[in-house]
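Work through the following exercises with the sequence and the model at hand. Each task is followed by a solution in steps.

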Amino acid sequence: MNTRETQRCDLTEVKRPSPSLPDSGRWILRAVALTATVPYLGLKAAWLCGSRLGIPEGSVLREPGPFFTAANAVTLAMDACVILLVLVLTRPWGIRVPGPLLTVPVFVATGLLTPILFGFTGQLLLRAFGFGADPMGQAAREPFLDPWVFHVVYTGFSIQGLALAALFVPYARERWGWAWRGVTGERLPSSTGVVAAAAASAGLVVAGVSLYWAAGGSAGLTAERAAAHSSDMAVVSAVHAMCALAAGAGALLLTRGGRLRARWPLGLAWAGGAATLSWGAWTTLAALGPQLDGGEAPPATTVLIYACQMITGLLTGTVLIRFLTTRRPG
């Protein structure tokens with residue numbers, strides 16, 4: 001049996017309905033995800049109302065300007081969208097929501113939350129073994145937010161990420177299970193292969209620079225950021241390197257075809273592409289806007305790496321879309 005016939009058989013098999021998440025499990029995950037949004041939404045709402053909760057004396061956030069107020073409003077709205085996503089993934093009417101209206105925000109949520117989940121967990125592990133930074137000492141040197149704010153917010157983000165993934169996977173299995181079942185199948189057109197190669201090349205550049213920064217390298221950074229290097233920052237840079245490599249690898253594996261189970265390269269391309277695109281766009285906007293901590297703006301080299309990170313995600317997303325369009329049933 002050749003590759004085309006094998007893929008056709010696999011796609012035929014997955015047209016059968018797959019078991020959904022039990023109602024009790026869906027209810028629990030919905031409650032967990034919604035509860036996890038409360039700390040961040042509460043803090044943002046309090047700050048928009050003029051509260052200084054969690055903001056220490058001497059922080060530039062004590063006198064927020066228009067940009068900071070707008071940033072708080074936008075990020076509050078972004079996290080509030082998690083509530084809508086949870087309802088779509090758990091209510092009967094959610095299955096009728098048009099695909100793009102769901103997959104685009106889920107892609108962005110995956111991209112923003114995946115590095116936080118891995119990065120925050122890595123930082124906690126380092127501290128558990130005595131290698132992490134001292135959050136109290138760091139806050140005393142550069143007052144920005146109280147240490148407890150980071151712990152509460154990033155714990156909430158991590159729980160949101162895990163709960164959303166646990167809800168989205170069974171939902172997607174019921175609605176689009178044919179897309180990742182079976183093998184990758186035939187090789188994609190050469191033009192898509194060029195895009196995948198470009199994504200992998202850009203990802204290698206981002207990964208190389210990120211690992212260099214993780215190891216304590218200072219080229220391309222402001223003197224202030226280089227002097228503030230810590231194990232926490234090293235973990236963040238290492239996670240971004242991992243996401244860039246995952247995006248490039250996923251794009252290449254999707255284009256080459258073969259007998260590899262489709263879910264693995266799809267998972268790499270989805271998570272890696274979403275993370276590089278979302279964080280690349282976020283950090284680029286942050287770098288080009290006013291510096292909330294009053295520090296020096298990032299140099300052009302840093303901004304270029306952020307842009308390269310975003311390009312990696314865009315190219316990987318293009319390959320991902322091309323691959324999924326070739327696997328439409330029927």
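**Exercise 1: Val 32 and the nonpolar patch**

Task: Find the helix in which Val 32 lies, and classify the exposure of Val 32.

Solution. Val 32 lies in helix α2, where helices (H or I, at least four residues) and strands (E, at least two) are DSSP runs, numbered from the N terminus. Val 32 is partly exposed because its relative accessible area is 34%; buried means under 20%, exposed over 50%, and partly exposed in between (1.4 Å probe, protein chains only).

Next, place Val 32 on the surface. Together with Trp 27, Ile 28 and Ile 159, Val 32 makes a nonpolar surface patch of about 370 Å². Such a patch joins nonpolar side chains (Val, Leu, Ile, Met, Phe, Trp, Tyr) within 5 Å, taken from residues with over 30% relative accessible area and no salt bridge, that is, no side-chain nitrogen of Lys or Arg within 4 Å of a carboxyl oxygen of Asp or Glu. Helix α2 (residues 23–36) gives the most to the patch, with 3 residues.

The model is predicted: local features need pLDDT of at least 70, side-chain atom pairs count only at pLDDT 80 or more, and totals for chains, interfaces and linings use all residues. Residues are numbered from 1 along each chain as its sequence is written, and side-chain values use heavy atoms, with hydrogens and water left out.

**Exercise 2: the buried side of α3**

Task: Which residues of helix α3 are buried, and against which helices do they pack?

Solution. Helix α3 covers residues 38–48, and its buried residues are Tyr 40, Leu 41, Leu 43, Lys 44, Ala 46 and Trp 47. An α-helix has 3.6 residues a turn, so residues three or four places apart point the same way. The buried residues of α3 pack against α4 (66–90) and α7 (147–176). After α3 comes Gly 50, with a positive phi near 100°.

**Exercise 3: the course of α5**

Task: Compare the reach of helix α5 with its expected span, and locate its kink.

Solution. Helix α5 (residues 99–128) has 30 residues and reaches 42 Å from its first C-alpha to its last. This is close to the 44 Å expected at 1.5 Å a residue, the expected span being 1.5 Å times one less than the number of residues. A kink of about 25° lies at Leu 113, shortly before Pro 115; the bend is the angle between axes fitted to the seven residues ending at a residue and the seven starting there. Gly 130, which follows α5, has a positive phi near 85°.

Technical notes. Contact = heavy atoms within 4.5 Å. Patch = residues over 30% accessible without salt bridge, like charges linked within 9 Å, V, L, I, M, F, W, Y side chains within 5 Å. Areas by Shrake-Rupley, 256 points an atom, 1.4 Å probe, with all protein chains shown as cover.
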